[in-house]
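Work through the exercises below with the sequence and the model open. Each task is followed by a solution in steps.

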Amino acid sequence: MKPDRERFEKMLYRHLGLFGSPSAGQLDASRGRILERLRARYDATAPNDDARVIRVSRVANAWRVGLVAATIAAAIVLMVTASRERVDALGTVEMADGSRNSLRPNVVLRSSEVGTMLALKDGSRLELRANSELSLERAVDGIAVRLRTGGLIVTAAKQHGGHLYVLTKDMTVAVVGTMFVVNAESIGSRVTVIEGEVRVREGTSEKSVRPGQQVSTAPALATRSVREEVGWSRHAEAILAAFAKGMAETGDAALVALGQAAADPEFEAASIKQCDPDHLPQTPDRGRGGGANSVQLTPGRLRALCVTPRRS
Amino acid sequence: MLATRVPRMADEFFPQEFDDLFQEHYVLTYRTAYGITGRVEDAEDVVQTIFLRLLQREKPPELVKNPRGYLYRAAVNQSLTIVQTRQRRAQVEAGEELAASVPARASSRAEELHRKLYDAIAQLRPKAASILILRYLHNYSDAEIAKLLGTSRGVIAVTLFRSRARLKKLIGASLGEEP
């Protein structure tokens, strides 16, 4: 390389890169600020069904005031009708403070606190755990909820010939009308059924999961009781009562007891778990019990040692 | 009439595809903008501007074809516009404050050359400017630049050669002062 060119290039490297590279902290701080501003701008310009519905209601009152107001109201109603046809939201987000926003397909919803409810177009209701992230998609025969991270409790409405799907990175849950909990974590996903029945597909295998049963895609995901799974919900007690009812309907005495125990606030957490056939609870010395579907009763506490899935 | 309700930041709405695009290309666009403008606030403005444009209009075909290359070029162009605007404003202010004889800061010498260089780069063709910045700001090799911009290594080498020659002419006087 000629000395002249070398010197010039050296100068270019030095002066074009004068400010160096921003630090990781600076990159993150700027990223947060930029995203916040972008979201504010996007939210301000994005169509919002509910805001328009409220606006229509106010204009309806103005109709009584006079002809001019009525004309304006009519124009707005027309605009609203047109825009509502354009915007095909799949659900409505009901935030903890009572505000509502429509959620369109493929739009990411992030919930940073407990209490965010999502009412789907098919009548199903979802409660999001804090720090959860999901989006809605149109499926061939229904709606698909893509859970990217976090957890949610799904109360699926009766589907009329269709399905509601919950998709995580490694699992697909298909339902027709039931209540269940899904958790998507970095190492895998876990489904716990409260009421009804769901079909869980992982890769090429598919299985049916019933009340009280839990399926996870990674062994490292700890088995959790129903109470632990729904403990964060604002409606935890109602869900546990529904779970007890569902277990009672099985007619199995052990499961009925477990359902009642789960609904009892004093019930010990982390007790309802599926039996591992290779590691069934041992029968105590000079005692009775043990094996599959056994429970342990101590003063003030009822623990499920393990539960086997009901045979259909 | 009720005002439009802005959702709380706790619950945010974004097209998923856009979110993925932002996360994937944020670092390169931000580093480019910061390297050229030298200011955090300007770098943030550049990144915000280019991504906001994407949110507000149809997806450009070049973005679909080569998102990384498209966003990088957009960051370069937007940053150079900011540098040029700043340069023009500085010239106006310098003219107005000539009588005040404000002493220059100790670091202003290097910053001035930096500014002059980018002002000169802004006069090059956008593609040439993008190539030059990838080489001397991001330390990319010819092959890496060719891959990012979807062209051949030969084109990169020739463009760099010509750009250096043009830059020398444009900032010749300033170079004479370089120690």
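**Exercise 1. Determine the handedness of the crossing of H7(B) and H8(B), and classify the angle.**

Step 1. In this predicted model, the crossing of H7(B) and H8(B) is right-handed.

Step 2. The two elements are helix H7 of chain B, residues 142-149, and helix H8 of chain B, residues 153-170; their axes come within 8 Å and cross at roughly 110°.

Step 3. Angles from 65 to 115 degrees count as roughly perpendicular, so H7(B) and H8(B) are roughly perpendicular to each other.

Step 4. On the H7(B) side the contact is made by Asp142(B), Ala143(B), Ile145(B) and Ala146(B), and on the H8(B) side by Arg153(B), Ile156(B), Ala157(B) and Leu160(B).

Step 5. Sorted by class, the contact of H7(B) with H8(B) has 6 nonpolar residues, 2 charged ones and no polar ones.

**Exercise 2. Find the salt bridge between Glu9(A) and Arg164(B), and decide whether each partner is buried or exposed.**

Step 1. The side chains of Glu9(A) and Arg164(B) form a salt bridge, with 3.1 Å from N to O.

Step 2. This pair crosses between chains: Glu9(A) is in helix H1 of chain A (residues 3-16), and Arg164(B) is in helix H8 of chain B.

Step 3. Buried means under 20% relative accessible area. Glu9(A) has 6% and is therefore buried; Arg164(B) has 7% and is therefore buried.

**Exercise 3. Describe the salt bridges of Arg148(A) and Glu137(A).**

Step 1. Arg148(A) pairs with Glu133(A), and their closest N and O atoms are 2.6 Å apart.

Step 2. Arg148(A) lies in strand E7 of chain A and Glu133(A) in strand E6 (residues 132-139) of chain A, so the pair ties together parts 15 residues apart in sequence.

Step 3. Arg148(A) is partly exposed at 27% relative accessible area, whereas Glu133(A), at 16%, counts as buried.

Step 4. Glu137(A) forms a salt bridge with Arg146(A), the closest N and O atoms being 2.5 Å apart. Glu137(A) is buried at 18%, and Arg146(A) is partly exposed at 29%.

Step 5. Salt bridges with shared partners join Arg110(A), Glu133(A), Arg148(A), Asp19(B) and Asp20(B) into one network. Over all chains the count is 21 salt bridges.

**Exercise 4. Place Ala157(A) in its surroundings.**

Step 1. Ala157(A) lies in the loop between strands E7 (142-155) and E8 (163-167) of chain A.

Step 2. With 18% relative accessibility, Ala157(A) counts as buried.

Step 3. Leaving aside neighbours within four places in sequence, Ala157(A) contacts Asp122(A), Gly123(A), Ser124(A), Val176(A) and Gly177(A).

Step 4. Ser124(A) is 33 residues from Ala157(A) in sequence, yet their C-alpha atoms are 4.5 Å apart.

Definitions and conventions
Residues are numbered from 1 along each chain as its sequence is written. Chains are lettered from A and ligands numbered from 1 in the order in which they are written. This is a predicted model: local features need pLDDT of at least 70, side-chain atom pairs count only at pLDDT 80 or more; totals for chains, interfaces and linings use all residues. Side-chain values use heavy atoms; hydrogens and water are left out. Axes are lines fitted to C-alpha atoms, for helices over the stretch in contact, and angles run from 0 to 180 degrees between N-to-C directions. Helices (H or I, at least four residues) and strands (E, at least two) are DSSP runs, numbered from the N terminus. Angles under 35 degrees count as roughly parallel, over 145 as roughly antiparallel, 65 to 115 as roughly perpendicular and the rest as oblique. A crossing is left-handed if the near helix is turned anticlockwise from the far one by less than a right angle, and right-handed if clockwise. Contact means heavy atoms within 4.5 Å. Ala, Val, Leu, Ile, Met, Phe, Trp, Tyr, Cys and Pro count as nonpolar, Asp, Glu, Lys and Arg as charged, and the others, Gly among them, as polar. Buried means under 20% relative accessible area, exposed over 50%, partly exposed in between (1.4 Å probe, protein chains only). A salt bridge is a side-chain nitrogen of Lys or Arg within 4 Å of a carboxyl oxygen of Asp or Glu.
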